[in-house]
Amino acid sequence: MTATDESADESVKQKSAGKLVGQAPVLTLTGLALILLTYYWPCLAGTGDFFISDLSFYFQPFCQFIGRELKAGILPLWNPHLYSGMSQLAVPSPALFYPPSFILFLLPFSLGLSIYMIVHQLIGAIGTYLFLRRVGAAVESSCFAAVAFCLCAYNFTLIQNFTLPATICWLPLALYFCDGIARLPRRVDAGIASDNLKPAGSVRSDASQDDTGGSVGDLNDPKQAGSSHGERARKPGKWIDVLGLTLTTSMIVYCGRPEVGVPALVLLTTLAVAHFFFSNSREDFKIRILAVAVVGSSMLAGILLAAPILLPGIEWASLSPRASGLDAKWVLLWSANWYDWLGTVLANPLGSLYLLNVDAAHLRHLVLSRGGSIPFVGSSYLSAIVFTLASFGFFCKRKKLLLVLIGIFLVSFLMASGSATPFAPSIIKLSPALSAFRYPVKLVIVPCLVLILLAVLGIELILKRELPARAPKAVATFWCLLLLGGAIAYNVPAIAPLSAKYLVVGKVPEHIPQMVRIGFGGAVVNSALLGLFTCVVTWCCLQGKIAAQFGIYFLSAVLAGNLLWASFSIRQIGWAPYFSNPSFMAEEIDNVQKKLQLPATSRMVNLYFDPLTVPAEYDPSRIGKDQRFFSYAREMLLHNIVICPSLYSSFGYEAAETKDYKEYFTDAMVWSSQHSKAEPETMSDVPIHRFMQITATELVNTQMTRLSKPVPSLDKDLFELIKEDKSRNFRIFRVKNSRKRFFFANRIVPVESFADLKKVILAREKMPQTAAFDGNAQIVYVLNRDFFPNKKLFEAVNEQFKIGDESSPNKCEVIEQTSQTLKIQCFVEKDGLLYMAEHYYPGWIAELDGRPVQILKANGLNRAIVIPKGQHTLSLAYRPFVLNWGLCIAAVGMLMTGLMMLLVSSFEMKSRK
């Protein structure tokens, strides 16, 4: 073959490779879309439903309520169904104003959630690809990383808290825009640009890689053809990066999950700062300062744009138990332990711990940081392929970049490990405000992202054939040893009797061999084989046996299949219909209300929490065994489940609860006969009865047995048993001497502090019928400081009526009521205090005959208003001023974004002259 023929043959190979590189991004995105459609198909087709944990008990009920209100033409700022009313606006997740959430609000839940996840996972893939291309990575490594991030098990198994992966899916795109702004100082030089107009995926084998040029954000040496200087000359102006960073930052905040949102913003800041400190470019120091300032201003503008949801959340946080700092044991309750970290490289060692019918489900308590529960993050599996390539990344010569990645990995690893190390507890002790960011295990995604970036560095070395030949051999040796160990572990059940006889004193517990075989036999063997396979492909690429590009694309395809298989094996989709199933408890409550002639808006409360005891007779049709518990909990109306528009509860669970309200209920529940840890000699249902009186609760639900133990009946002097059903394990009681939701006080009692009021309400001793909360006495407790301007009214009301007197001439009638408005007609012969058993919360305004009046805090939880003599119309509405402020601040954020875009455009125009 002549030199001309060889040249022509090489030209054909380059064209073929170039064509593959050009088609790879489209093919990768198309393949990911098809994989996601396959995974979520049952819900898309309507044959399956999501059901695990918070999806059943929290997210779907709120999405259903919001959607119902929106379809009625109402913006659901207030939710009257829980806590005697609560701010729906303040609920951070699902966020009312997060644009993609409207998919959940307006479509059937499982269908909407499937579309929601597909959109976010594809956004994550696109952002990952664009970011890596911008920092100089080849097309091959960028596509590989997009596959790894999009199909990471974290995104699939954390669907029960879907706003967490949704938040992190915006991060790569935000990094892309952030990196573009951080490169603002780069001047467009014709000589450099012309030399770098080649595709970023092209690689010169003779190019040297050192640590002397570019910034820490560059994966390649800027001297190489893979640098992005030339691309910058061809791309649109930086104003697009400013707009993009502002919007993606806003989306991260709007998702409503600061637990991962704040770390994401920290990573963005880290990238900008790294550009500033590690850049060796020739630009003026002041211009580099400008770049960092633009990044910071764009992020700030994005945060300001999210003010309509951020301010209500901050207002709620200041009133919630988080305000004073949660106890560290509750903050660190879900920490990443050895099993969570092992699960990043081993595919579901014990199978799906979410499901209740798997063989290894009884081993759940051995590996979880919170026993007796399902895991918070079911899996964060990345595959041995990613780990193998990440180990190659440590041979990269960009020491500054490696230093930054290792630093991020270590800090995030220690924080995610929570209580497993003294690091996170010490940080929380130094800054109690961090206790609001509960459950460190949510942060396992950050170390996973670092591993993906390290894998990209490894791939870059393979493409340039700069990876030392000893690297794949050393890693292959490790995988061989692990394969041998896995093979031995797989046969532990056969070996265990011998070891018990000759090596171990005593008998080996039966579950240990089973756990070793299931989790550390088959899973280790599978991962070791994948690692060895990756080493073999790498060796072939380095030896020229196969083209490096084709080798990486092949590994990407294998990775996609492996991640999909792992996620399919623990998929959380059950039989449909699930959410549309009627609730037997809702039907029972409706029947009781009609029987007792209670108003449709009468309140109930459930005195049971997860875990519930599911009766053996409970067997709903077309519900899988794994769905059985969750279906029963929904039908029993576990807290936060509002599946019927006519049901109202005086308590909830973690949804915008306020500290005082929660303290009332939980402290009263401690002494109740329904509390699982209450001692018989200290039990008293008096405090919980008083809670129900001040919240105008009419009906109570309890279980008959809990964890195979009988549950005592409520105090017969305080509660009347209406119905019990052993086959469904429930009792329904009516609250004796319950109060109306609206009444004029017979007596007003001033108290000095909330603590004094709690002593009265939580007193376990029964009081005479002529005192406080017993009998028909309409007594209201108010703080002195709240009622000081109306001190004379104390004397007037307290002298006018006797305790227990129902002959009050003051009457009130509700003439109009919606979810967030209330209109009452009052007939008052003498000045009085109108008590409303509605949750006291900032943002409610009151007008009496069109004139503003003060809303007082009565009985520590509810509202009261002074009504003067005469006939009046009282109007109340939820008009949170924080929303108005939020909209104004968002407008400032928009203006700020526009100014930054003009500034950057002006700077670019000057730099090109």
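At roughly what angle do the axes of helix α18 and helix α21 cross? In this predicted model, the axes of α18 (residues 384-393) and α21 (residues 445-463) cross at roughly 65° and come within 6 Å. Angles of 65 to 115 degrees count as roughly perpendicular, and α18 and α21 are therefore roughly perpendicular to each other. The crossing in which α18 passes α21 is left-handed. On the α18 side, the contact is made by Val386, Phe387, Leu389, Ala390, Phe392 and Gly393. Helix α21 contributes Leu451, Ile452, Leu454, Ala455, Leu457, Gly458, Ile459, Leu461 and Ile462. By class, 13 residues of the contact of α18 with α21 are nonpolar, two are polar and none is charged.

Confidence varies along the protein chain. The mean pLDDT is 83, and 82% of the residues reach 70 or more. Among the elements, helix α4 (residues 109-134) has the highest mean pLDDT, 96, whereas helix α9 (residues 190-195) has the lowest, 31. The pLDDT is below 50 over residues 187-213, a stretch that has 59 contacts in the model beyond near neighbours in sequence. Residues 222-234 form another stretch in which pLDDT stays under 50; here the model has 41 contacts beyond four places in sequence.

A second helix pair consists of α28 (residues 659-670) and α30 (residues 754-761), which pack with their axes 11 Å apart and at an angle of about 25°. Angles under 35 degrees count as roughly parallel, and this makes α28 roughly parallel to α30. Their crossing is right-handed. Asp660, Glu663, Tyr664 and Asp667 of α28 meet Phe754, Leu757, Lys758 and Ile761 of α30 in the contact. The residues of the contact of α28 with α30 comprise four nonpolar and four charged, with no polar residue.

Two sheets can be described in turn. One is an open sheet of five strands with mixed pairing, in the order β6-β5-β7-β11-β10. Its edges are occupied by β6 (648-649) and β10 (719-725); each has a single partner strand, so one side of each is left without a neighbour in the sheet. Strand β5 (residues 603-606) and β6 run parallel and are joined by two bridges. Arg603 has Tyr648 in β6 as its bridge partner. Helix α26 (residues 584-595) packs on this sheet, where α26 touches β5, β7 (697-702), β10 and β11 (730-735). The direction of α26 makes about 30° with that of β11.

The other is an open sheet in which five strands are arranged in the order β15-β16-β22-β18-β19, with antiparallel pairing. Strands β15 (811-817) and β19 (851-853) stand at the edges; each has a single partner strand, so one side of each lacks a neighbour in the sheet. On average, and with direction ignored, neighbouring strands of this sheet are turned by 30° against each other. Six bridges join β15 to strand β16 (residues 821-828), and the two run antiparallel. Within this pairing, Glu813 stands opposite Gln825 in β16.

Note on methods
Residues are numbered from 1 along each chain as its sequence is written. This is a predicted model: local features need pLDDT of at least 70, side-chain atom pairs count only at pLDDT 80 or more; totals for chains, interfaces and linings use all residues. Side-chain values use heavy atoms; hydrogens and water are left out. pLDDT is the predictor's confidence in each residue, from 0 to 100. Helices (H or I, at least four residues) and strands (E, at least two) are DSSP runs, numbered from the N terminus. Contact means heavy atoms within 4.5 Å. Axes are lines fitted to C-alpha atoms, for helices over the stretch in contact, and angles run from 0 to 180 degrees between N-to-C directions. Angles under 35 degrees count as roughly parallel, over 145 as roughly antiparallel, 65 to 115 as roughly perpendicular and the rest as oblique. A crossing is left-handed if the near helix is turned anticlockwise from the far one by less than a right angle, and right-handed if clockwise. Ala, Val, Leu, Ile, Met, Phe, Trp, Tyr, Cys and Pro count as nonpolar, Asp, Glu, Lys and Arg as charged, and the others, Gly among them, as polar. Two strands pair if DSSP finds at least two bridges between them.
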